[in-house]
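Please read the notes below with the structure open beside them. They deal with how two chains meet.

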Amino acid sequence: MCTVIDTRIVGQSLPGQLYVDQKWFDVDLDEIFAKQWIFVAAEAEIAEPGDYVTVEFGARSVIVTRDNLGNVRAHHNVCRHRGARLITQANGSTGTIVCSYHSWTYGTDGRLMYAEAQAPDFDKRCFSLRSVAVRTIAGLVFICLADDPPTDIDDVARIVEPYLAPHKLAEAKVAKQTDLVENGNWKLAMENNRECYHCGGHPELLNVFFPTWGYSDSDAIPDRLTAVVERYRRATAELTDTWTRFGLPYRRIAQLDSRPTGFHIEREAMDLAGESFTLDGTTACTRPLSDDLPDRRLGRLSMHLQPNMWLHVTSDHAVLFSVIPIRPDETLVRTTWLVNAAAVEGVDYDLDRLTGVWEITNQQDADLVRLAHRGIADPAYVPGPYGPSEFQVEAFINWYVTRLRVNLGLDATPDQIAKSA
Amino acid sequence: MCTVIDTRIVGQSLPGQLYVDQKWFDVDLDEIFAKQWIFVAAEAEIAEPGDYVTVEFGARSVIVTRDNLGNVRAHHNVCRHRGARLITQANGSTGTIVCSYHSWTYGTDGRLMYAEAQAPDFDKRCFSLRSVAVRTIAGLVFICLADDPPTDIDDVARIVEPYLAPHKLAEAKVAKQTDLVENGNWKLAMENNRECYHCGGHPELLNVFFPTWGYSDSDAIPDRLTAVVERYRRATAELTDTWTRFGLPYRRIAQLDSRPTGFHIEREAMDLAGESFTLDGTTACTRPLSDDLPDRRLGRLSMHLQPNMWLHVTSDHAVLFSVIPIRPDETLVRTTWLVNAAAVEGVDYDLDRLTGVWEITNQQDADLVRLAHRGIADPAYVPGPYGPSEFQVEAFINWYVTRLRVNLGLDATPDQIAKSA
Amino acid sequence: MCTVIDTRIVGQSLPGQLYVDQKWFDVDLDEIFAKQWIFVAAEAEIAEPGDYVTVEFGARSVIVTRDNLGNVRAHHNVCRHRGARLITQANGSTGTIVCSYHSWTYGTDGRLMYAEAQAPDFDKRCFSLRSVAVRTIAGLVFICLADDPPTDIDDVARIVEPYLAPHKLAEAKVAKQTDLVENGNWKLAMENNRECYHCGGHPELLNVFFPTWGYSDSDAIPDRLTAVVERYRRATAELTDTWTRFGLPYRRIAQLDSRPTGFHIEREAMDLAGESFTLDGTTACTRPLSDDLPDRRLGRLSMHLQPNMWLHVTSDHAVLFSVIPIRPDETLVRTTWLVNAAAVEGVDYDLDRLTGVWEITNQQDADLVRLAHRGIADPAYVPGPYGPSEFQVEAFINWYVTRLRVNLGLDATPDQIAKSA
């Protein structure tokens, strides 16, 4: 199995089998999605005790719920009697979890409360729902299916919480959530998001998103972008004052491939009005996302966390993305827009205006991911070279290959083992 | 391969792979469905010479027909020339079986009658259709795809014919037949039928079906069933007189896991009017199924035969169920209602009233089987404990594991080998 | 792997796995379709520089184009950057091939012309599209995906060009092209075309196609065909004069299984008016296909070339067939009708009349291929005997087994190795 990983050449895209083979897809589910921290929901989706969402990874389903004490909990969505799936709804609210088959009844904390007509020696305490590790960071819910989740999540939380907390995602509400099934491998959906070399295909997004993203100063930035670079530098200088005034950390931290829970966080200026992801850059919601941050022009706070999420926060909303593998060539991309819990649809914000730019951008990306998957599935595909502005794609690939090697127990270097400890 | 079977723990549901893996599904088709006696039709479906039904098990198709001499025959549905499928209709009537491809023509007894333009040394006698073992028991047609079918079918026939024969199924007619595809493994469809612990999900059926089924006297019957138990005991006492009067055997015989052709037969009282599977328990057909048994209140005669059938007979009709695997997660459940051949639809019986209770019950079971399959397919599934009233589910599992071991030639005990001889 | 091939018995259809197993389908794609010369298009489909068609074999896609110099070229349809599929249209015309993902731009000759924002040491010359061997024969385009294509294509071209060239296919135009997906293995689609033993199922075609095809004089031709044989002999004698007058070669050459690029070519008379594939045998196009061959009654020129094509040419049109595997049980049959480039639809020909007989014949064949596949997929299938008139089916099978053995490097005889050199 390590043979294919070993044929990977640094600086190039992965060997094709890693994207298209069922065998490697199964490895990805078992070694990446069942062993790393996975983003599954915003806390805003389970605001009240009894609220739940279910999340599916391949054949796995996990119930994420807020229990009666207000704690976020996660359990496998499988009855302990004869294995029936317990909850089939994507989300909802319930006081107890009752199996449809034989009415075994569990609390939102997973304890078996009731099982009719059992023998006298039956011990309910032995049949709680199997629990899943769960962790919230500034309003974002992560789970880990492993018995020994990567412990560096605490470090990551310590680093990113100061960036995220001022925006009060935990107190926001969900304005909209969309599920888009892309016809390509989940890694292609992640790679697609890690570079703006393809942004010529996103005319709507490019109104406000500087296409200079991914170019370093030392790179030969294409001539056609000279004027843009100038605008970008001016906007950044202005915003730095604003960020400083509000005490918002803005230093870029890039640890995408240097730790088990790889991540990247940054604040960046935006073009035109520079306020939000709209066609003219002005806000889509009249109420600020955080009442403590009334300034409309904050640029964007962007974070990525391996292997399956990224987000953008502007002054008026947050938009969260998660990537969930379905099949080797099918991936769910879930997009969630958060606004101030007090904002009123139709009054403070128009839903189409709030979501329009990312909805069309998602669809454009889905088309590209489909083309990428089809070409890579062709036996004539050979790995090709990443350009200078695709360095974060490569960081994702580095992370992925390292995690596979470490999680599979292959000949990891002492350094890698230390990192994954 | 035996490793998974060996991990099975008595008293618990099977390891998940046995329900969901393609490999084990193929084993089930080859070792269970191609080696055991399988129920395929009522004789009433092929009443006249030339009548046929085709039955499909995975890629296999078998033609069951009544030949010109009135004998029930079964042949593989494959032309001996270049392998074309011969009959694609589910049922019909024909004097000869003609291949659509090159017009090779077979008799209903399987003999090749005609093949155009062959060389002089071509010998038609070498190209009869490949035959399949067939056995009728009191109007029920069973086939066995093996060269050496289990011989204990003769013992089983000797035991169950006195129960079934008085109801004259062989002389009945088909009032209706429905095919329901359930989204779960065939074993889950069988298990579902082997307990009434889940009957709370069948409100229509429970009008007449005593939910005490599966509880033994020594079990702690749930308090909520106390009144029901009382009605059940009273009805049983009354019916015993009726059965005795008509000379109907009624002793329960349970050999579900103690012989190659495992079965279970019993007579049971029914609730309310106690006559038939209707909402109030009164008959759905004014003509008795057997002219020799005019009493409306006969309760039910129920039989199960491993691995794929069960039936219920009341005074006015019989309802037969067969389970046919399609894919690891897809199973055909075929239901056939028989009434007196002289009964006239719209006069003696209303079809919706005759079939309504089981049609809705089948759909409810299909929903439960789907949930069971989805949960068991989750890697988080672990086998769970059967309760006291699920002992017949366990008997099915015992039978299944024993047959797999014996048919695969694994380390069977001498006793098992003797039984399968 | 050779075991299954070795179980093949000469004179009988192939073992079932070779038709139905995914493993063997993959072998067919890799060892037959990726190593032999494959018919992909008529030159008429890419008449002008920049015209292209794409052809898909399983996950492979090939762009066949006419470059700016007028040469026919073929390239893998995969970008050299990150592997995206380049062209998704089945056909079209373009000056350059631009990747939708990051705008890498290739010439129609495959050279990388442009890739934005690369590092200074990036060498465009290293990233041309991967080329595919291509060969045209009298207006027919063949490709070979192997690095070392069978060299006997030159011999085959030398033999068949004198037959084909007078009909000027390279100067014709496409009147219509249809794609029919048949639910059976590609080999069954080929076998189906290699005998007329099944032609009773083609009443429309049989108006003009002599069902004597495949019978040799020494065979016992069925009595019912006596009158037909007489008509066939008379028509052949007449046509021989016509062919001689126009200098058209007409000797039958059958090398279906005696060389790597097996083929068969013949001229044959047709029934009724004997001019074209219409219900009464009169021409469907008033303009002759070749201006040099104005005689309407030319019979048919028919050619087959292993593994995936056959064609018929009459005085007024040509009809080309290609077979492209999709899945073990799914095959694309593409049919292309060519007429004189100067012929005008609705004036010189009616499209329905031109295509009607083969469209209905194709559908009838698709039904037969589906039945053949279903029966062969049944474990009860055993190979059956070919009759005397099915000798070309057997020649195809001989060719197929020999190519598998040689291309897989199995214990080929020195003679076979010489042929494949």
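1. Polar contacts. In this predicted model, 17 residue pairs are in polar contact across the interface of chain B and chain A, counting pairs in which both residues have pLDDT 80 or more. On the chain B side, helix 5 (186–193) and helix 7 (351–376) each supply at least two of the residues that touch chain A. Helix 7 of chain B gives the most, with six residues. By residue class, the side of chain B that touches chain A divides into 16 nonpolar, six polar and six charged residues.

2. Salt bridges. The rule finds six salt bridges across the interface of chain B and chain A. One of them joins A:R85 to B:D378, where the closest N and O atoms are 3.0 Å apart.

3. Extent of the contact. Chain B puts 28 residues into the contact and chain A puts in 25 residues. The size of an interface is often stated as the accessible area lost when the parts come together. Between chain B and chain A the buried area is about 2,300 Å², and carbon and sulfur atoms give 56% of that area. Of the area that chain B buries against chain A, B:Y197, B:L371 and B:P385 supply 26%, more than any other three residues.

4. Symmetry. How are the two chains related? A turn of 120° with a shift of 0.0 Å along the axis lays chain B on chain A with an RMSD of 0.0 Å. This is the relation of a three-fold axis. Which residue of chain B comes closest to the rotation axis? That residue is B:Q22, with its C-alpha at 8.2 Å.

Definitions and conventions
Residues are numbered from 1 along each chain as its sequence is written. Chains are lettered from A and ligands numbered from 1 in the order in which they are written. This is a predicted model: local features need pLDDT of at least 70, side-chain atom pairs count only at pLDDT 80 or more; totals for chains, interfaces and linings use all residues. Side-chain values use heavy atoms; hydrogens and water are left out. Contact means heavy atoms within 4.5 Å. Buried area is the accessible area (1.4 Å probe) that two parts lose on being put together, summed over both. A salt bridge is a side-chain nitrogen of Lys or Arg within 4 Å of a carboxyl oxygen of Asp or Glu. A polar contact is a pair of N or O atoms within 3.5 Å; within protein, one must be able to donate a hydrogen and the other to accept it, and residues adjacent in sequence count only if both atoms are side-chain atoms. Helices (H or I, at least four residues) and strands (E, at least two) are DSSP runs, numbered from the N terminus. Ala, Val, Leu, Ile, Met, Phe, Trp, Tyr, Cys and Pro count as nonpolar, Asp, Glu, Lys and Arg as charged, and the others, Gly among them, as polar. Copies are superposed by least squares on the C-alpha atoms of residues with pLDDT of at least 70 in both.
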